[in-house]
Amino acid sequence: MALRNAVMAALLEGEASGYDLAKAFDATVANFWMSTPQQLYRELDRMEAEGLVTARVVEQERRPNKRLFSLTEAGRKAVHAYTTEPLGKPAVIRDELLVKVQCLDAGDMEAVRTAIAERMEWATAKLARYERLRQRLLDGRSEEAYFAEAERIGPYLTLLRGMSFERENLQWGDMALRRLEQRTAALRADG
């Protein structure tokens, strides 16, 4: 998947500045796509040159002018075409924490334990952020009512996937910490 597809998905919500898109990426699509602001701005410029988005300048007092981007008709057609393409290979997990866990037996068990606990704190914070976003999207409705009434359900479905991913991170972290504690106790008993 290209960054442009994620940008077009974000612009389905409506007109946004590059700054707004960067914040939206962090709050919404970060559970399935990461991008730096620089990458985002470069991609927006390319997409504008290709006619997928249009930008209008908003003049601001005491601040630099900002450009607001929106999808063009060609951009909407590109979104539609993208959804018809076959999926590529599933994403591969590239996680430095898992490499450290793999090295655990020859490394510093306490440092790895700390890293797992930090990851769990990160997952807990992301879950809280996702839950706030979920409540905002539901706006007092049940999920059933949301799915029946909402104009767009894709963002909610991807949010649920992100929440599930972070819950699994917490479940795995809890299990890993328990096993490390058991291992430490067994080593103490033997030593």
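The following legends describe close-up views of a predicted model.

**View 1. Division of the protein into two domains.** The protein is split into domain 1, covering residues 3-84, and domain 2, covering residues 96-190. Between the C-alpha centres of domain 1 and domain 2 there is a separation of 28 Å.

**View 2. The region annotated in UniProt, residues 93-181.** An unreviewed UniProt entry lists residues 93-181 as "domain: Transcription regulator PadR C-terminal". Across residues 93-181 helix accounts for 81% of the chain and strand for 0%. The C-alpha atoms at the ends of this stretch are 26 Å apart.

**View 3. Packing of helix α1 against helix α3.** Helix α1 spans residues 3-11 and helix α3 spans residues 37-49; their axes lie 10 Å apart and enclose an angle of about 85°. Helix α1 is therefore roughly perpendicular to α3, since angles of 65 to 115 degrees are placed in that class. From α1, the residues L3, R4, V7 and M8 take part in the contact. Their partners in α3 are Q39, L40, E43, L44, R46 and M47. By character, the residues of the contact of α1 with α3 comprise 6 nonpolar, 1 polar and 3 charged.

**View 4. Surroundings of A16 in strand β1.** Residue A16 belongs to strand β1, which is formed by residues 16-17. A16 counts as buried because its relative accessibility is 9%, where buried means under 20%. Apart from neighbours within four places in sequence, A16 has contacts with L11, L21, R67, L68 and F69. One of these partners, R67, is 51 residues away from A16 along the chain, yet the C-alpha atoms of A16 and R67 are separated by 8.2 Å.

**View 5. R62 in the loop between β2 and β3.** Strands β2 (53-58) and β3 (66-71) are the elements on either side of the loop that holds R62. The phi angle of R62 is near 60°, a positive value in a residue that is not glycine. With a relative accessible area of 84%, R62 is exposed.

**View 6. D139 in the loop between α6 and α7.** D139 is located in the loop between helix α6 (109-138) and helix α7 (143-149). For D139, a residue other than glycine, phi is positive, with a value near 50°. The relative accessible area of D139 is 62%, so D139 is classed as exposed, a term that applies over 50%.

Conventions. Residues numbered from 1 in each chain as written. Predicted model: local features only at pLDDT ≥ 70, side-chain atom pairs only at ≥ 80, totals over all residues. Heavy atoms only, no water. Axes fitted to C-alpha atoms, helices over the stretch in contact; angles between N-to-C directions. Helix = DSSP H or I, 4+ residues; strand = E, 2+ residues; numbered from the N terminus. Parallel < 35°, antiparallel > 145°, perpendicular 65-115°, else oblique. Contact = heavy atoms within 4.5 Å. Nonpolar A, V, L, I, M, F, W, Y, C, P; charged D, E, K, R; others polar. UniProt positions renumbered as here; feature names shortened; annotations may be inferred. Domains from an automatic or database assignment. Buried < 20%, exposed > 50% of the residue type's maximum accessible area, 1.4 Å probe, protein only.
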